[in-house]
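This report describes a protein–DNA model for a reader who works with coordinates. Please keep the sequence and the structure in view while reading.

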There are 2 protein chains.
Amino acid sequence: MALKILIVEDDRNIADLLRLYLEREGYEVSIAPDGLKGLERFRQEQPALVLLDVMLPGMDGWGVCRSIRSESKTPIIMLTAKSETEDKVAGLKQGADDYITKPFEMKEVLARIEAVLRRSGIEPERASRRLVFDKLTLDMDAFELTVDGKKIPTPPKEMELLFHLASSPNRVYTRNQLLDEVWGFDYFGDTRTVDVHIKRLREKLEGVSDQWELKTVWSVGYKFETKNR
Amino acid sequence: MALKILIVEDDRNIADLLRLYLEREGYEVSIAPDGLKGLERFRQEQPALVLLDVMLPGMDGWGVCRSIRSESKTPIIMLTAKSETEDKVAGLKQGADDYITKPFEMKEVLARIEAVLRRSGIEPERASRRLVFDKLTLDMDAFELTVDGKKIPTPPKEMELLFHLASSPNRVYTRNQLLDEVWGFDYFGDTRTVDVHIKRLREKLEGVSDQWELKTVWSVGYKFETKNR
DNA sequence: GCCTGTTTTAACAAATTGTTCACCCAAAAT
DNA sequence: ATTTTGGGTGAACAATTTGTTAAAACAGGC
């Protein structure tokens, strides 16, 4: 069961970006756009950790932080634009566990989340992102593709594309869907990009097994087709 | 409880067509013909998502988009004739969540709606796109036609035509209706095209079952007729 | 900043599908 | 029974979509 993280953030872009990265890491993410909804969601969903923006419409981040703290020990990481030390100190006094200033690096955020979780005695054990099919193993944690027992060095985009397709075997995805879901919703690029990545994946996977196949669905898109099931 | 979608679009044909498809997917649809009525409806009905045409009489789409955004984070997908990238960027800056250029494919629209809803943390829970009749399975997610247990490779237009007819068994469709609804509202071609596709479908389905049939209704059109029930 | 590997774009060839047309047959109308 | 209208079909042709290659753009590590 994946660990749940609640993001309370009114800027849609930032929230989506966080979601993208956290989900890729195997967390379950939910987003609340303001303080009140944030509290509500918190009570409903009992997340393992809260990422909390300071500047929020309605009740601000500090208020939310105090409210959560008054009813639970759930770790809280504050997100803020200001980098003043006094703010940081104040924040920690209000009960936050850590503090990240915008603009932030995703790597930074991930590292801090894991650190805070570990400090709180929670094992960050993320959902396994590992798929196994006949003669094919796709391990997104180790970032390794294994074909017929041999590791095949594979660039990230190809890994993620294959992972995405193979996560829902036999389901067709249009190129635009794949661009949205693998490249990101704000990607403006050519749909043929997908074709090229598919082709390279096929080179790596060619003739390995007759149990599955990267199949073209004409005028629609691609799917990872499996035989039996 | 079905998710509600508001369509703001002055072209009646396009709006109706969208309604048709969205309702088939299980959404609840309401339509507003111009910007002001669109805003009004938006406030009344609190839809889960808005499909918004850019070219509108009175207040244009961008204006509506800004107004909605100023009071809510409800996802907005813009519909527009222009395909310029700058327009797309501008659109996303105004607060739209996604952007579809006309003429659009219905499957594209559906896919994007789902993607946007998922991004917003709303579960799209749409109707399954799978039909099963005696010895016949039509799975639009996998894009597969199965006849008597065997997969039959079938081109997209045939799949969609059959899916369309079989979605409302025993209902007659005129050729023009089918051209509108399967080929697209802006399609301009010979009605005999439908005949040819029907013919090819019949070849694939010939003598498979006596429970259903692709039937001609003389001087009217075609229907997918089922026996009992 | 340079180097290396990755991603994207562009161009062309190949494959698949969609459309039209002509001709003939079937159903309704007279 | 004859005429008229609509439908079935096969094949040629057109259009669309995909595969593939190569080269340009880009990104991250040193």
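How many residues does α6(B) have, and what distance does it reach from its first C-alpha to its last? In this predicted model, α6(B) has 12 residues and reaches 16 Å between those two atoms, close to the 16 Å expected at 1.5 Å a residue, where the expected span is 1.5 Å times one less than the number of residues in the helix. Helices here are DSSP runs of H or I with at least four residues, strands are runs of E with at least two, and both are numbered from the N terminus.

Because the model is predicted, local features need pLDDT of at least 70 and side-chain atom pairs count only at pLDDT 80 or more, whereas totals for chains, interfaces and linings use all residues. Residues are numbered from 1 along each chain as its sequence is written, chains are lettered from A and ligands numbered from 1 in the order in which they are written, and side-chain values use heavy atoms, with hydrogens and water left out.

**Burial in α6(B) and around B:D34**

α6(B) is mostly covered, with 10 of its 12 residues buried; buried means under 20% relative accessible area, exposed means over 50%, and partly exposed lies in between, with a 1.4 Å probe and protein chains only. Among the buried residues of α6(B) are B:P156, B:M159, B:L162 and B:F163, and also B:E158 and B:H164.

B:D34 lies in the loop between β2 (28–32) and α2 of chain B, and it counts as buried because its relative accessibility is 17%. The side chain of B:D34 reaches the backbone nitrogen of B:L36 at 3.1 Å, and a polar atom of that side chain lies 2.9 Å from the backbone nitrogen of B:K37. Polar contacts are pairs of N or O atoms within 3.5 Å; within protein, one atom must be able to donate a hydrogen and the other to accept it, and residues adjacent in sequence count only if both atoms are side-chain atoms.

**DNA strand C**

A residue is near a strand if one of its heavy atoms lies within 4 Å of it. DNA strand C is surrounded by 23 residues, of which A:W183, A:R200, B:W183, B:Y187 and B:R200 are the closest. Of the atoms of this strand within 4 Å of the protein, 74% belong to sugar or phosphate and the rest to bases. The polar contacts include one from B:R200 to a base oxygen of DNA strand C, and others to phosphate oxygens, such as that of B:Y187. The elements that give two or more residues to the surface near DNA strand C are α6 (156–167) and α8 (192–205) of chain A together with α6 (156–167) and α8 (192–205) of chain B.

| Protein atom | DNA atom | Distance |
|---|---|---|
| B:K157, polar backbone atom | strand C, phosphate oxygen | 3.1 Å |
| B:Y187, side-chain N or O | strand C, phosphate oxygen | 2.7 Å |
| B:R200, side-chain N or O | strand C, base oxygen | 2.7 Å |
| A:R202, side-chain N or O | strand D, phosphate oxygen | 2.8 Å |
| A:Y222, polar side-chain atom | strand D, phosphate oxygen | 2.7 Å |
| B:R202, side-chain N or O | strand D, phosphate oxygen | 2.8 Å |

**DNA strand D**

Of the 21 residues around DNA strand D, A:R192, A:T216, A:Y222, B:R192 and B:Y222 come nearest, and sugar and phosphate account for 55% of the atoms of DNA strand D that come within 4 Å of the protein. α8(B) gives the most to the surface near DNA strand D, with 5 residues.

**Two residues with positive phi**

Phi of A:K135, which is not a glycine, is near 65°; this residue is placed in the loop between β6 (130–133) and β7 (136–139) of chain A, and with a relative accessible area of 41% it is partly exposed. B:Q46 is likewise not a glycine and has a positive phi of about 45°; it lies in the loop between α2 (35–45) and β3 (49–53) of chain B and is exposed, with a relative accessible area of 58%.
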